[in-house]
Structures are given as structure tokens and as C-alpha cells.
Amino acid sequence: MDVFVEIIPGTHARQLRVVEGNRETRFHALWLRERSPDAETLDPRTGQRLIEAAALPQDLALTGAACDGETVDLTFSDGHRARFPWRDLHPAPPAGAIHEHWDASLAIMPSADFSQALERDDALSEMLEGLERYGFVKVSGVPLTLDGMMPLVERLGPLRRTNWGGIADVKSIADAYDLTMTQRGLEPHTDNPYRDPIPGYIWLHCLSNADSGGDSTLTDGFMAAKRLRRDDPDAFDCLTRTSTRFRYVDDDAHLESEGPLIELDPRGKVIRVRYNNRTERIPPLPPEQLERYYAARRAFFALITAPELTLTPKLAPGEMLIMDNYRLLHGRTAFRLSQGVRHLRQGYVDRDTTASRRLTLRRQAGISLHSLEESA
Ligand SMILES: C[N+](C)(C)CCCC[C@H](N)C(=O)O
Ligand SMILES: O=C(O)CCC(=O)C(=O)O
């Protein structure tokens, strides 16, 4: 296979081309200089940068480039010499989209076994990769104790505490201070968009369910957003540009936050959905804007409640859903208790905590992080 590097002509020697067969990657001279893998540039122990990247000369250029198939040897106009392992400048092509968007036809629900994930790193890794790919995972065999989920939470890192404490009850009670504590159905929603930051992952553990009703509903918000973008681009545009507000108030707390129902990154990729009818308080925008917003929200609501996009698992005692709260909408059907009690427990875990465990498990298993890093 033909392998070579060259300083690209006509770029003031500020770009490098790395070629292997018919695959080529281009690099900026400053990018290469600030990542030079040597002990003056990057601290050998932490990998953190020692030089100030923003203070490098803006016109820094490459003065030499060679490759022997193993190492790329570069020199720069500031006299620096950098040697990169070839594969660091030529990562394997990205392994494809890590997110798989789904609808009601999803054949196999991502699932995990509590004690296996607790005891075996490969099972925990599989659980977290499934969670990343599909936005949720159903865990079986969770102990039927109040904090039964806790040992598995602790495999990842800290539980996020809130004004409701650590792991909290979701149970109907006479004097409900939140509508989740009634026997009402709950529309598909994301949790707590009135917090900042919004909880990353929801862990919802069933201790007992109602005989009739109380089924869970799950919708892939990224799939719904994709459909909206395709079928009603004007509505999509409106929901990505209108910042709405959410509010939760009880005797001890006043929580408020705002953001769009569909949030994009600077490249236009959907990175988060928010939806919580019970607590949304859209500001009094000019009526023309609201007119458009209400039509768009209605179109989005039709999608997140569409049976062809919705899964309806019913949690049995000892089952638990872990859900990506930036992607998934969850809800439940109404129930009526003639006897017994429907008792769920819920906890939150942050996104960085969850991602960190997934990535360290990958590293342990020797799966390259390279393409992830470079595409990030
Ligand atoms: C029952 N307790 C108050 C502890 C939790 C309430 C859960 C949060 C709510 N379902 C939401 O829509 O964000
Ligand atoms: O009761 C349920 O099944 C779900 C509760 C819920 O959606 C919530 O607490 O956010």
C-alpha cells in the first residue's frame, strides 16, 4: 500500500497531507505542532499540554516532512521537531454512527442482567454500549430493596443528588406535590428540564406495579426530531430556535431553566430534546411567534406519541430502565389501584460519569479510542 506524507503546495507550508492508498487526511501545521508528542509539549504523565497553544506563531509552517511507514517525522519553522506514530495521524475510518435511531419496530430491546453487570466488566461494558447506542437499556434482576439499584450506580460513579434526595420514590400518595405521585398517565417527557444541568440519565427501578395500567412508554426523541426535520422543516426550525422555559416549585424549591425543545450543536446535529408538558412555561413571546411555536410543538407532540414510534414495556418487580434523558422520552399509562401499591424508585446519574465508565471499560478491553477522539 502506498504510504506517504507531503507538505501541500500553495498553503504557505501550513498544511500536511497524509496518504495511504486512496485515503488521505489533511492536517494544519499548528494542529500538528500543538499536539507534538514530546515531553516539552505534552506532559508525559498526564498527556496535558505544557506549552500555550494560543501563543504559537500564527504563521508557523512546516519545514520538513518524511515518513518511513512507522513514524511521521516533521520539522517546523520554530525549529521544533515532532515524531508522530503513523497510526496517530491515520486513524481507522470511523466505525459508523454510534447512535442507532429506532421506532416501534425495534426487534430486540437492549437489556442487561443486574448481577452480571455488577460482577463482570464485559457485561457492564455491553450494558453501557447498548445504552449509548439506543438511549436506553432494560435491566433485570435488580434486588427488591429500596436502594436496590445502588451497587450498580456505584460501578459508574456518584449518584446525582437533588432537592428530593438521592434515590427517590415514584409512588402515588394522597398529598402529591408532583404529578408523578398521582395515578395519572404521564405524557412522554424528559425529566426535570427545569434543572441546570438537566439530569443526564434516569434510573427507574420497579418494586411493584399496578395490576392494570402503569405501563411504561418509550420514544426515541432523536428519531422523532429526524422525522420532524424531514416532514415539517419549518416546525423543526421553529423548535430549534425558540427557547422555552420550565419551572418546578414546591415548599422548599424554586427551579427554573430554559432551552429549545430540540437542541442542535453548531454543525446542525440534534444533541438534546426537552419535553415536559407539566412544567413548561413558555414566555409571553409575540403572538405571531407563539402561533408558529404552538403549531410546531403540536407536530412534535404528534410524533412523540405516535404508536409507530413508541415502545410500551411494562416493568415487572425487579426490572429497571436506564434512560438517556437528553434523547429519550418516557411516560406511563394511567393506572387505578384497588389494592396494593405501585412503587418505583428513581435516581439520576450524570452524563460525564456514565461516559467515563464506558470509555475506561473500552480502554481496558483494548478497543481504540482514537477515532472517537479525533472525530470529537
Ligand atoms: C417523585 N419525585 C418528586 C421524587 C420525582 C419526580 C420526577 C420528575 C418528573 N417526573 C419530571 O417530569 O421531571
Ligand atoms: O411512573 C412511571 O412509570 C414513570 C414516572 C416518571 O415518568 C417520572 O417520574 O418521571
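**Notebook: the surroundings of ligand 2**

I began with the record: UniProt, in an unreviewed entry, lists residues 111-348 under "domain: TauD/TfdA-like". The structure I have open is a predicted model, and I keep that in mind for every value below. In it, the span 111-348 is 27% helix and 28% strand, and the C-alpha atoms at its two ends lie 19 Å apart.

Next I looked up where ligand 2 is placed, and found that ligand 2 sits in the largest cavity.

I then listed the residues around ligand 2, which are Val170, Thr180, Leu186, His189, Asp191, Leu204, His330, Arg332, Arg342, Leu344 and Gln346. Sorted by character, this shell divides into 4 nonpolar, 4 polar and 3 charged residues. When I asked which strands contribute to the shell, I noted that strand E10 (186-189), strand E19 (328-332) and strand E20 (343-349) each supply at least two of its residues.

Which side chains bring an N or O atom to within 3.5 Å of an oxygen atom of ligand 2? I checked the distances one by one: for the side chain of Asp191, an N or O atom is 2.8 Å from an oxygen atom of ligand 2. For Arg332, the distance from a side-chain N or O atom to a ligand oxygen is 2.7 Å, and for the side chain of Arg342 I also wrote down 2.7 Å to an oxygen atom of ligand 2. As for how much of the ligand is covered, ligand 2 has 290 Å² of accessible area on its own, and the protein covers 97% of that.

Conventions. Residues are numbered from 1 along each chain as its sequence is written. Chains are lettered from A and ligands numbered from 1 in the order in which they are written. This is a predicted model: local features need pLDDT of at least 70, side-chain atom pairs count only at pLDDT 80 or more; totals for chains, interfaces and linings use all residues. Side-chain values use heavy atoms; hydrogens and water are left out. A residue is near a molecule or strand if one of its heavy atoms lies within 4 Å of it. A polar contact is a pair of N or O atoms within 3.5 Å; within protein, one must be able to donate a hydrogen and the other to accept it, and residues adjacent in sequence count only if both atoms are side-chain atoms. Accessible areas come from the Shrake-Rupley method with a 1.4 Å probe; for residues, only the protein chains shown count as cover. On a 1 Å grid over the protein atoms alone, a cavity is a set of points where a 1.4 Å probe fits but cannot get out, and a pocket is an open set with protein on both sides within 12 Å along at least five of seven lines; lining residues have an atom within 4 Å of a point. A molecule sits in a cavity or pocket if more than half of its atoms lie within 2 Å of its grid points. Helices (H or I, at least four residues) and strands (E, at least two) are DSSP runs, numbered from the N terminus. Ala, Val, Leu, Ile, Met, Phe, Trp, Tyr, Cys and Pro count as nonpolar, Asp, Glu, Lys and Arg as charged, and the others, Gly among them, as polar. UniProt positions are given in the numbering used here, feature names are shortened, and annotations may be inferred rather than shown by experiment.
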